[in-house]
Amino acid sequence: MSMKFTFGKLILGIVVVLTALGLLRYKPWEKNGANSARDVIHEGVNKKATRELTVGYLPVTCHLTCPVTDFASKTTETSTNFNSRVFSDFPTVVSALEAKQVQATFMIVPLAMKLREQGVPVKICYLGHRDGSEVVVGKNSKIRSLRDLKGKKMAIPSLYSNQNFVIHKMMDDYGMQPNDIEFIILPPPDMPTSLAAGAIDAYFVGEPFCAKAELDGIGRVLYYARDIWPNFISCALVVHEDLIRQNPGVVQDLVRGIAASGAWAETHRKEAAKLVSPYFRQDEKVLNYVLTSDPKRVSYVQLTPTDEDLQQIEDQGIKLKLLSKRIPMHELIDREFVPKKIVPAPIDDASILKASAAR
């Protein structure tokens with residue numbers, strides 16, 4: 001009897017602990033606000049805002065407009081304050097979105113398609129940026145072409161990433177078999193260190209993790225995504241339909257803010273690197289290198305999602321049997337909130353310097 005009672009208490013204790021950890025991780029009592037103090041990098045002075053929304057992102061440049069919008073919403077007069085919540089990998093983003101702990105987030109496009117296919121009611125409202133992804137190999141590697149990667153290990157951020165879709169298209173173009181390269185799923189921040197350690201031979205991911213390998217002297221670019229798939233798209237702003245239906249004004253502010261932030265970042269690249277560095281928790285020099293060394297490396301213009309762009313991605317996903325059915329583009333895309341005229345966000349250099357000095 002005593003042993004049974006003790007064992008029962010042990011099981012109950014484990015359940016309580018796991019439940020508590022789940023509550024602490026997702027904080028269901030904070031559905032629309034920032035999930036913790038860590039989410040609020042910049043408090044700002046905007047007193048006009050009457051509402052707020054937490055938006056998810058990873059520390060990659062195709063999500064850069066998320067923290068820029070966060071900053072702009074608190075330093076200019078807008079109706080909504082946006083708090084950007086950083087994630088390290090896409091599975092955690094999916095869990096938070098499905099649990100509606102975030103109702104808007106940046107996400108790799110094929111993954112958004114897969115969620116929609118599985119019945120999660122999300123819409124793609126805007127793109128993150130174009131290009132901005134590279135295939136990186138070791139600096140002293142003898143790998144000079146895709147064929148040299150046969151029998152090697154390549155890291156990608158997700159099976160449902162456009163990086164995975166594009167590299168398989170390239171393999172097909174080269175007459176290679178799908179299993180000629182061993183693909184490993186890794187969070188983007190782990191890729192440079194894994195390459196340096198010899199755990200992988202190459203990786204295909206968004207910036208700044210390609211530039212970091214270059215600047216650290218451990219990697220070099222083998223291919224630019226733009227040379228494989230012109231106007232390459234990696235990620236998009238994905239919004240839950242419940243938020244669109246219940247708070248269209250917030251979504252309007254969000255999409256307008258993201259579009260304005262992209263227009264600003266396109267012509268204020270050095271300033272953008274300084275602004276997002278604390279949000280990304282990355283060296284400003286790396287971000288500055290990505291944004292300023294070659295303007296063609298990343299682009300923040302022409303980001304309204306088109307049927308043609310997304311149809312190409314869907315077609316490749318179905319060919320790879322990672323997507324199982326065609327979703328009509330009108331069910332996947334919502335362009336209603338994209339402003340007819342995109343005006344750069346009114347961010348001044350002084351506000352960035354002031355925020356930087358305060359940290």
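What do the buried residues of α12 pack against? Keep that in mind as you click around; this is a predicted model, and the tour gets to α12 right away.

**Stop 1: helix α12**

Select residues 284–292, which make up α12. Show the side chains of Val286, Leu287, Val290 and Leu291: these are buried. Now turn the view until you look down the helix axis. The buried residues fall within an arc of 125°, so they line one face of α12. As for the opening question, add α7 (209–215), α11 (269–280) and β12 (298–299) to your selection, since these are what the buried residues of α12 pack against.

Before you leave, zoom in on the start of α12. There, a side-chain oxygen of Asp283 comes to within 2.9 Å of the backbone nitrogen of Lys285.

**Stop 2: α11 meets α2**

Keep α11 on screen and add α2, residues 65–75. The two helix axes come within 9 Å and cross at roughly 105°, which means α2 sits roughly perpendicular to α11. To see who does the touching, show Pro67, Val68, Asp70 and Phe71 on the α2 side. Their counterparts on α11 are Leu275, Val276, Tyr279 and Phe280.

**Stop 3: the five-stranded sheet**

Next, switch to cartoon and look for an open sheet of 5 strands, in the order β8-β7-β9-β6-β10 and with mixed pairing. Colour 182–185 and 219–224 to pick out the edge strands, β8 and β10, each pairing on one side only. On average, neighbouring strands here are turned by 30° against each other, ignoring direction.

Now add helix α5, residues 162–173, which packs on this sheet. The helix touches β6 (133–138), β7, β8, β9 and β10, and its direction makes about 130° with that of β9.

For a closer look inside the sheet, select 153–156 (β7) and 202–206 (β9): these strands run parallel and are joined by 2 bridges. Met154 is the residue to click on, standing opposite Ala202 in β9.

**Stop 4: Leu320**

Last, find Leu320 in the loop between α13 (307–319) and α14 (329–332). Is this residue buried, partly exposed or exposed? Its relative accessibility is 26%, so Leu320 counts as partly exposed.

Which residues does Leu320 contact, leaving aside its neighbours within four places in sequence? Select Asn164, Phe165 and His168 to see them. Finally, draw a C-alpha to C-alpha distance from Leu320 to Pro178: they are 142 residues apart in sequence and 9.4 Å apart in space.

Key:
Residues are numbered from 1 along each chain as its sequence is written. This is a predicted model: local features need pLDDT of at least 70, side-chain atom pairs count only at pLDDT 80 or more; totals for chains, interfaces and linings use all residues. Side-chain values use heavy atoms; hydrogens and water are left out. Two strands pair if DSSP finds at least two bridges between them. Helices (H or I, at least four residues) and strands (E, at least two) are DSSP runs, numbered from the N terminus. Axes are lines fitted to C-alpha atoms, for helices over the stretch in contact, and angles run from 0 to 180 degrees between N-to-C directions. Contact means heavy atoms within 4.5 Å. Buried means under 20% relative accessible area, exposed over 50%, partly exposed in between (1.4 Å probe, protein chains only). The arc is that of the directions from the helix axis to the C-beta atoms. A polar contact is a pair of N or O atoms within 3.5 Å; within protein, one must be able to donate a hydrogen and the other to accept it, and residues adjacent in sequence count only if both atoms are side-chain atoms. Angles under 35 degrees count as roughly parallel, over 145 as roughly antiparallel, 65 to 115 as roughly perpendicular and the rest as oblique.
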